[in-house]
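Biologist: Please pick one part of this model and go through it closely. I would like to know what holds it in its setting, and what lies around it.

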Amino acid sequence: MTNPAHSVRTQAHRRPALPAAEAAAVNHYGARAQDHWRTHLAGPLARIPDQEAFFARLGETAAAEIEAKAEALAQMTPPAEGYLEEVARLETARKVAEMEVLREIILVDPDDQEKVAQLMG
């Protein structure tokens with residue numbers, strides 16, 4: 001059976017460069033980060049000259065990291081796993097990966113100035 005997490009990650013890494021207009025599109029992770037920054041990090045947000053590009057990049061980074069972490073977690077296959085167990089394991093791996101990445105780079109702690117500075121580049 002094909003590993004869905006692997007397929008998604010492979011496709012993401014093979015994606016050609018997008019034209020400038022499409023590259024600036026903010027995905028749902030970027031939009032969530034933007035809302036978080038507006039609410040909790042207004043000062044640093046005001047210092048970002050191109051907020052659309054910043055959150056587009058941040059969202060794409062989050063999506064790629066989630067795929068990589070989910071793939072790594074999904075590799076832990078128990079012996080004699082049935083279809084439903086596999087689906088549950090892959091879904092759990094994706095959710096765990098998403099929670100980790102959201103905590104690390106999307107919903108950054110406003111008091112962690114080092115992390116905020118790191119994300120701002």
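Modeller: What follows is a close look at helices α5 and α6, then at the parts around them.

The model is a predicted one, so the distances and areas below are computed from predicted atom positions. The chain has 121 residues, and 32% of them count as buried. Its secondary structure comes to 7 helices and 0 strands, and read along the sequence the pattern is α-α-α-α-α-α-α. Helix α5 spans residues 51–74, and helix α6 spans residues 83–106.

Start with K69. Its side chain meets that of E100 in a salt bridge, at 3.3 Å from N to O. E100 belongs to helix α6 and K69 to helix α5, so this pair ties together parts that are 31 residues apart in sequence. At 26% relative accessibility E100 counts as partly exposed, and K69, at 23%, is also partly exposed.

K69 has a salt bridge to E104 as well, at 3.2 Å from N to O. This pair again links helix α5, through K69, with helix α6, through E104, across 35 residues of the chain. E104 is partly exposed because its relative accessibility is 29%, between the limits of 20% and 50%.

A further salt bridge joins E81 and R89, with the closest N and O atoms 2.7 Å apart. E81 is partly exposed at 22% relative accessibility, while R89 is buried, with a relative accessible area of 14%. The cut-off matters here: under 20% counts as buried, so R89 falls in that class and E81 does not. Through shared partners, K69, E100 and E104 are joined by salt bridges into one network. The count of salt bridges by this rule comes to 5. As a general point, side chains of opposite charge can pair when their charged atoms come close.

The same helices can be followed at another position. A64 is placed in helix α5, and its C-alpha atom is separated by 9.8 Å from that of V101, although these positions lie 37 residues apart along the chain. With a relative accessible area of 34%, A64 is partly exposed.

Next comes the nonpolar interior. Nonpolar side chains tend to be buried together in soluble globular proteins. In this model the largest nonpolar core has 20 residues, and those touching the most other members are W37, F55, L58, I105 and I106. Helices α3 (28–40), α5, α6 and α7 are the elements that each give two or more residues to this core. Helix α5 supplies the largest share, with 6 residues. Helices α5 and α6 therefore both contribute to the core and are also linked by the salt bridge between K69 and E100.

The loop between α5 and α6 holds A80. A80 has a positive phi of about 55° although it is not a glycine. Most residues other than glycine have a negative phi. A80 is exposed, with a relative accessible area of 86%.

Helix α6 also has a nonpolar stretch of surface to report. Y83, L84 and V87 form a nonpolar patch, with about 340 Å² of accessible area together. V87 is found in helix α6 and is partly exposed, at 39% relative accessibility.

Two other places complete the surroundings. N27 lies in the loop between α2 (20–23) and α3, and at 17% relative accessibility N27 counts as buried. The C-alpha atoms of N27 and E60 are separated by 7.1 Å, although the two residues are 33 apart along the chain. Elsewhere, D109, D111, D112 and E114 form a negative surface patch. E114 is found in helix α7 (residues 113–120) and is exposed, with a relative accessible area of 68%.

To sum up the part asked about: K69 in helix α5 pairs with E100 in helix α6 and with E104 in helix α6, and helix α5 gives the largest share of the core.

Definitions and conventions
Residues numbered from 1 in each chain as written. Predicted model: local features only at pLDDT ≥ 70, side-chain atom pairs only at ≥ 80, totals over all residues. Heavy atoms only, no water. Patch = residues over 30% accessible without salt bridge, like charges linked within 9 Å, V, L, I, M, F, W, Y side chains within 5 Å. Areas by Shrake-Rupley, 256 points an atom, 1.4 Å probe, with all protein chains shown as cover. Salt bridge = Lys/Arg side-chain N within 4 Å of Asp/Glu carboxyl O. Lys, Arg positive; Asp, Glu negative; His and termini not counted. Charge placed at Lys NZ, Arg CZ, Asp CG, Glu CD. Helix = DSSP H or I, 4+ residues; strand = E, 2+ residues; numbered from the N terminus. Buried < 20%, exposed > 50% of the residue type's maximum accessible area, 1.4 Å probe, protein only. Core = buried A, V, L, I, M, F, W, Y, C linked by side-chain atoms within 4.5 Å.
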